Amino acid sequence: MSQKRRIVVIGLGSIGRRHARLLIGRDDLKVEVCDGSPDTLERVSQELEISTTFDNFQQVLDSQPEMVVIATPHHLHADMTIESLQ
């Protein structure tokens, strides 16, 4: 199999957790997560056995992932999408 592609789920509320849980079942993806709450980030990464985590969006951008899932509150979607695409 070819190398796994990196995807970062940004925001670990109920929707973000659901996306992360479904994505880790795929053999072609390396799932990473990002959330501003240290407690949430630790709990979800342990629960889903995800080793690469970020505690802020800029760290995600600096790491240059191939894909992102933006699961933050809706008022943040447009700006985060534009920044991710740049």
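A colleague and a modeller talk through how the terms used for this predicted model are justified.

Colleague: What kind of model is this, and how are residues numbered?
Modeller: This is a predicted model, where local features need pLDDT of at least 70, side-chain atom pairs count only at pLDDT 80 or more, and totals for chains, interfaces and linings use all residues. Residues are numbered from 1 along each chain as its sequence is written, and side-chain values use heavy atoms, with hydrogens and water left out.

Colleague: What makes residues 29-34 a strand called E2?
Modeller: Strands are DSSP runs of E with at least two residues, helices are runs of H or I with at least four, and both are numbered from the N terminus. Strand E2 covers residues 29-34 and has 6 residues. The run therefore meets the minimum of at least two.

Colleague: How do you know which strands pair in the sheet?
Modeller: Two strands pair if DSSP finds at least two bridges between them. E1 and E2 have 6 bridges. Strand E1 (residues 5-10) and E4 have 4. E2 and E3 have 2. Each pair therefore passes the cut-off of at least two. The result is an open sheet of 4 strands in the order E3-E2-E1-E4, with parallel pairing.

Colleague: Why are E3 and E4 placed at the edges?
Modeller: Strand E3 (53-54) and strand E4 (67-70) each have a single partner strand, so one side of each lacks a neighbour in the sheet.

Colleague: What packs on the sheet by E1 and E4?
Modeller: Helix H4 (residues 77-85) does, touching E1 and E4. Contact means heavy atoms within 4.5 Å. The direction of H4 makes about 175° with that of E4. Axes are lines fitted to C-alpha atoms, for helices over the stretch in contact, and angles run from 0 to 180 degrees between N-to-C directions.

Colleague: Which residues stand opposite Ile-10?
Modeller: In E4, Ile-70 stands opposite Ile-10. In E2, the bridge partner of Ile-10 is Cys-34. Further along the sheet order, Val-33 has Thr-53 as its bridge partner in E3.

Colleague: What makes a β-α-β unit right-handed here?
Modeller: Point the strands away from the viewer; the crossover is right-handed if the path from the first strand over the helix to the second runs clockwise. E1, helix H1 (residues 14-23) and E2 make such a right-handed unit. E2, H2 and E3 make a right-handed unit too.

Colleague: Why is Ser-45 called buried?
Modeller: Buried means under 20% relative accessible area, exposed over 50%, and partly exposed in between, with a 1.4 Å probe and protein chains only. Ser-45 is at 11%, so the residue counts as buried. Ser-45 lies in helix H2 (residues 38-48). Ser-45 touches Ile-50 and Thr-53, not counting residues up to four places away in sequence.

Colleague: What makes the link from Ser-45 to Leu-41 a polar contact?
Modeller: A polar contact is a pair of N or O atoms within 3.5 Å; within protein, one must be able to donate a hydrogen and the other to accept it, and residues adjacent in sequence count only if both atoms are side-chain atoms. The Ser-45 side chain reaches the backbone oxygen of Leu-41 at 2.8 Å. The backbone oxygen of Glu-42 lies 3.1 Å from a polar atom of that side chain. Both distances are therefore within 3.5 Å.

Colleague: How do you know that H2 has a buried face?
Modeller: Thr-40, Leu-41, Val-44, Ser-45 and Leu-48 are buried in H2. Down the axis of H2, they fall within an arc of 115°, so they line one face. The arc is that of the directions from the helix axis to the C-beta atoms. These buried residues pack against H1, E2 and E3. The face turned away carries the exposed Pro-38, Asp-39 and Gln-46.

Colleague: Why is Thr-81 called partly exposed, while Thr-72 is called buried?
Modeller: Thr-81, in helix H4, has a relative accessible area of 35%, so this residue falls in the partly exposed class. Thr-72 sits in the loop between E4 and H4. Thr-72 has 14%, so this residue is buried. Thr-72 touches Ile-10, Gly-11, His-77 and Met-80, not counting residues up to four places away in sequence.

Colleague: Is Phe-54 buried or exposed?
Modeller: Phe-54, in strand E3, is at 10% relative accessibility, so this residue counts as buried.
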